Amino acid sequence: MLARKLLRHFTRSQRTLSSDNYFEYLPKKQHLEPSQFESISSSYLNKIHSALQKLREDNPDAELEFSPDSIVFTKKKSVLTLKKEPQQQYFVLDVPKKGEHKYFYDLDNENWVNETDGHVLDRLIVKELLKNCYGYLDI
């Protein structure tokens, strides 16, 4: 009963209960200029690509595909896909068993934030890769 009341309270407000069991503020999506989105998203994609290359050294059976708009990291039967959606100014992360998650850029905190519950993209990428990989993803 208490859990239901808490859920109702946080569903009505700007705060939500994240999957990591702590409260986060769900920022409002701000529109970026197309050039600003391109710069921020390309920089982020390059940062993730660099970190995944290092992780791949500890996981020789992993495959890494990189293009200017997406990254695909495959290990065994697990495939993690991160792609830019410039029209909507999102990153879309597709992970096994969890489906697609959309992230917008929060200018105030300088993070890519999930549009539904406010969790940060970096955290979910690390969490998903730790399940199937050796080493640590240093983002």
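I'll start with one residue, Ile-40, which is found in helix H2, residues 34–57. A word of caution before going on: this is a predicted model.

Is Ile-40 buried or exposed? Ile-40 counts as buried because its relative accessible area is 19%, and the cut-off for buried is under 20%. What does Ile-40 touch, leaving aside neighbours within four places in sequence? The contacts are Leu-32, Tyr-105 and Trp-112. Take Tyr-105 from that list. Tyr-105 and Ile-40 are 65 residues apart along the chain, and their C-alpha atoms are separated by 8.5 Å.

Now the chain as a whole. The protein chain has 3 helices and 8 strands. In sequence order, the pattern reads α-β-β-α-β-β-β-β-β-β-α. There are 139 residues in the protein chain, and 42% of them count as buried. Then there are the contacts with a separation of 6 or more: residues 24 or more positions apart account for 44% of these. The pair of Ile-40 and Tyr-105, at 65 residues apart, is one example of two residues distant in sequence that are in contact.

Next, a pair of strands. Strand E7 covers residues 99–106 and strand E8 covers residues 111–114, and the two pair in the antiparallel sense over 4 bridges. One residue to find on the screen is Asp-106, whose bridge partner in E8 is Asn-111. The hairpin of E7 and E8 has 4 residues between the strands.

Which residue of this hairpin takes a positive phi? That is Glu-110, with phi near 55°. Glu-110 is a residue other than glycine, and its place is in the loop between E7 and E8. With a relative accessible area of 59%, Glu-110 is exposed.

There is another residue to set beside Glu-110. Gln-89 is not a glycine either, and it has a positive phi of about 60°. The place of Gln-89 is in the loop between E5 and strand E6, where E6 covers 90–95. Is Gln-89 buried or exposed? Gln-89 is buried, with a relative accessible area of 6%. So we have two loop residues with positive phi, Gln-89 and Glu-110, of which Gln-89 is buried and Glu-110 is exposed.

Back to strand E8, for Asn-114, which is found there. Asn-114 is buried, because its relative accessible area is 3%, and the limit for buried is under 20%. Where does the side chain of Asn-114 have a polar partner? A polar atom of that side chain lies 3.0 Å from the backbone nitrogen of Asp-117. If we set aside the neighbours within four places in sequence, Asn-114 is in contact with Leu-26, His-101, Lys-102, Tyr-103, Phe-104 and His-119. Among these contacts, His-101, Lys-102, Tyr-103 and Phe-104 fall within the residue range of strand E7, 99–106.

The last topic is a cavity. How many cavities of 30 Å³ or more does the structure hold? The structure holds 1. The volume of the largest cavity is about 30 Å³. Its lining consists of Phe-73, Thr-74, Lys-75, Ser-78, Leu-80, Leu-129, Asn-132 and Cys-133. By type, the lining residues divide into 4 nonpolar, 3 polar and 1 charged.

Which elements each supply at least two residues of this lining? They are strand E4 (70–75), strand E5 (78–85) and helix H3 (121–132). E4 gives the most, with 3 residues.

One of the lining residues is Asn-132, and its place is in helix H3. Asn-132 is partly exposed, at a relative accessible area of 32%. Not counting residues up to four places away in sequence, Asn-132 touches Lys-75 and Ser-78. Both Lys-75 and Ser-78 also belong to the lining of the largest cavity. What joins the side chains of Asn-132 and Ser-78? A polar contact of 3.1 Å joins them. Another residue to locate is Asn-59, 73 residues from Asn-132 along the chain, with a C-alpha separation of 9.5 Å between the two.

To recap the two asparagines: Asn-114 in strand E8 is buried at 3%, and Asn-132 in helix H3 is partly exposed at 32%.

How values were computed: Residues numbered from 1 in each chain as written. Predicted model: local features only at pLDDT ≥ 70, side-chain atom pairs only at ≥ 80, totals over all residues. Heavy atoms only, no water. 1 Å grid on protein atoms, 1.4 Å probe; cavity = no way out; pocket = protein on both sides within 12 Å on 5 of 7 lines; lining within 4 Å. Points joined across faces, edges and corners; volume = space filled by probe spheres on them. Nonpolar A, V, L, I, M, F, W, Y, C, P; charged D, E, K, R; others polar. Buried < 20%, exposed > 50% of the residue type's maximum accessible area, 1.4 Å probe, protein only. Contact = heavy atoms within 4.5 Å. Polar contact = N/O pair within 3.5 Å; in protein donor to acceptor, adjacent residues only side chain to side chain. Pairing = 2+ DSSP bridges.
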